[in-house]
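The exercises below ask the reader to work through one structural model. Each task is followed by a solution in steps.

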Amino acid sequence: MSSRLADYLNKYLDGVAVSAPEVLRRYANDGSVLDISPEVVVQPVGTTDVRKTVLLSSQLAEKGLRVSVTPRGSGSDKTGAAIGDGIVLDMRRYMNRIISVDPRQRLVHVQAGATISEVNKALQPHGLCLPLTLMGFENPELNDQNHTIGGLIANNLGGQALPRLGRLVDYLVQLEVVLADGSVYHTTSLSGRKLKTIGVETTKGKEEAPSFADRINAGMYKFVRENSEVLAELRARRVGNTGYLYGMTQVGDAEKSLNLMPLFLGSQGSLGVITEVILSVDYLGPSPDLMVAKFDNVKQALAFAGDALSENPSILNLADGRLFAEAGKSGKSFLPLGGLPDSTLVMLVGFDDSSAKHRQKKIRNLSKILTKNDISYVSSLRQEFNEEYFNSILKAALNRVERNTVQAPILDGVIVPFQSVEKYLNGLPRLERLLDNKLMAYGSLITDLWTVRPEVDFTGADKRPILRLAREYGRFVLECDGILAGEGGEGRVKAVSSLVRRNDFADSVDRFVKKQFDPRGIMNAGVKQTITVDQVMEQIRRDNDFGIMEL
Ligand SMILES: Cc1cc2nc3c(=O)[nH]c(=O)nc-3n(C[C@H](O)[C@H](O)[C@H](O)COP(=O)(O)OP(=O)(O)OC[C@H]3O[C@@H](n4cnc5c(N)ncnc54)[C@H](O)[C@@H]3O)c2cc1C
């Protein structure tokens, strides 16, 4: 089947379809703990290739043969959402063009497989940038910036948790998407009046039958109108990226206008394939002024975080000091901090105000508080250091391979609200004892996104301890009023039945949206759908090689 499918596709595509086992193996992993081999990998060169591939999958589904389509960018997803058992569409390989930059209107138009760093390189000569590093700031690995624009939209990078920096949805102008019937759709705002008439004239025989996209829009209009009160109430809350609820709260007010675009945020390839994107961009800001302080306990760190927050920082990250000790073992150290006792927490604070005077004043205000409380710190006013180096230390700590174990990305990027951080950080040592593993946390007190990476050996035959880690940590995050799908969607890993807590309305939204967009269930099947513990056990990888492949 695999090679027949590839041969068939190769007849019609300008790009390439591959079924060689060694190539399929390379696409069987993403940044998660799972392993699923595709049947075919397609490397499209443009939207038409994507259309043809999705259309084939749709036609096969009509005949009862399910070959799902999984879009894939750089494959860094931590939830097993960039792998699948059908066709993997590699958007990174050829669909990575910067189509145009419009400096006057501050817009950039790209193919979905372009990376953040490629886009920023094209913007830099115009004094512009995509402020997305800031969005992922709690996440040191994002400094690599090799994530594709399509991937970060599909994972709603930084998510909803950006009170100061804005949200990804605010930077999106338009998406070109290949829908599940193989049609190409350009997202746009449709007025309530227009939406009301979709399909109405047809019944009177006056117009052509509504298109697939028309039908989605018309269905959405009805659903949003019928549920306007509950959606308005949810809009004011942080709902996480599980299912399609977040997107649904952002599509607009049915009476005025609706835009399907936000539904693709966090959709993880399960509603359509994003092929091109127009983004609004910002002026290139100054490098932030920074300070790093170390604290003896959680209470002390959070009291200072309160002071720092009142100065409106752009960075406020907190890390378990043991991560620095771990990084030190591989030669990465932040010398100004000196030796770190086990109970230390390290905080990075940054200000990116456009005025250097303001930035420096804020650092001086906070320095006074630290000095008064006898807390040691360094600041970029006195000492040369940058955030890239600081983050590279955390990155080294989080990716070390030791005694046949790796730091497993089991439940990265959860939301822990500020008011629960004390409970979360003080509760981790108990969980460490229970699970007999190290849970060294790092996170942001601005975006509220937190990550721990326990040590796991994937070569062992017994996979149950891995699931126990996920279950116990997941349960603990929920006890702290947290949200599991904070950074990115739930994919497969966070969709495990024991971790999902939903209500009837959220379930009805998910069923409705999926049915509207993907009635045949061909878009990234298995992702963003509840999965049993046994199903996920079968998919857990059997090796410790987490190097994300370079395509
Ligand atoms: C729980 C979680 C934790 C994370 N933690 C980290 C971390 O520690 N370090 C880090 O570097 N990053 C992290 N990320 C961020 C993740 O790597 C980003 O989402 C990244 O932006 C994905 O970019 P990518 O190009 O690698 O996408 P991929 O990993 O290839 O794909 C991500 C998802 O988007 C879909 N997708 C990709 N392209 C398209 C497209 N064109 N159209 C439609 N759907 C598409 C895929 O199907 C998949 O579901 C995390 C994400 C999640 C979910």
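The exercises treat confidence, domains, two sheets and the ligand shell in turn.

This is a predicted model, in which local features need pLDDT of at least 70 and side-chain atom pairs count only at pLDDT 80 or more, while totals for chains, interfaces and linings use all residues. Residues are numbered from 1 along each chain as its sequence is written.

**Exercise 1. State the confidence of the protein chain and locate a stretch where the pLDDT is below 50.**

Step 1. The mean pLDDT (the predictor's confidence in each residue, from 0 to 100) is 89 for the protein chain, and 93% of its residues reach 70 or more.
Step 2. Residues 134–143 have pLDDT below 50, yet this stretch has 28 contacts in the model beyond near neighbours in sequence. Two residues are in contact if their C-beta atoms, placed from the backbone, lie within 7 Å.

**Exercise 2. Divide the protein chain into domains and describe where domain 1 touches domain 3.**

Step 1. The division gives domain 1 (2–94 + 508–539), domain 2 (98–283) and domain 3 (289–486); the bounds come from an automatic or database domain assignment.
Step 2. Between the C-alpha centres of domain 1 and domain 3 the distance is 35 Å. Their contact takes 6 residues from domain 1 and 9 residues from domain 3.
Step 3. On the domain 1 side there are 3 nonpolar, 2 polar and 1 charged residues. In this scheme Ala, Val, Leu, Ile, Met, Phe, Trp, Tyr, Cys and Pro count as nonpolar, Asp, Glu, Lys and Arg as charged, and the others, Gly among them, as polar.

**Exercise 3. Give the strand order of the open sheet of 4 strands and place helix H3 against it.**

Step 1. The order is E1-E2-E4-E3, with mixed pairing. Helices (H or I, at least four residues) and strands (E, at least two) are DSSP runs, numbered from the N terminus, and two strands pair if DSSP finds at least two bridges between them.
Step 2. Strand E1 (16–18) and E3 each have a single partner strand, so one side of each is left without a neighbour in the sheet.
Step 3. Strand E2 (residues 40–43) and strand E4 (residues 87–90) run parallel and are joined by 3 bridges; Val40 stands opposite Ile87 in E4.
Step 4. Helix H3 (residues 47–62) lies across E2, E3 and E4 and runs at about 170° to E4. Axes are lines fitted to C-alpha atoms, for helices over the stretch in contact, and angles run from 0 to 180 degrees between N-to-C directions.

**Exercise 4. Which strands stand at the edges of the sheet formed by 5 strands?**

Step 1. This open sheet has the order E5-E6-E12-E8-E9, with antiparallel pairing.
Step 2. Strand E5 (98–102) and strand E9 (184–186) stand at the edges with a single partner strand each, so one side of each lacks a neighbour in the sheet.
Step 3. Within the sheet, 5 bridges join strand E6 (residues 107–111) to E12, and Val108 stands opposite Leu279 in E12.

**Exercise 5. Which residues come nearest to the ligand, and which element gives the most to the shell?**

Step 1. Of the 37 residues around the ligand (C-beta atom, placed from the backbone, within 6 Å), Gly73, Gly150, Gly151, Gly269 and Gly488 come nearest.
Step 2. Strand E3 (69–72), helix H6 (149–154) and strand E12 (273–280) give two or more residues to the shell; H6 gives the most, with 4 residues.
Step 3. The shell comprises 12 nonpolar, 18 polar and 7 charged residues, and it draws at least three residues from each of domain 1 and domain 2.
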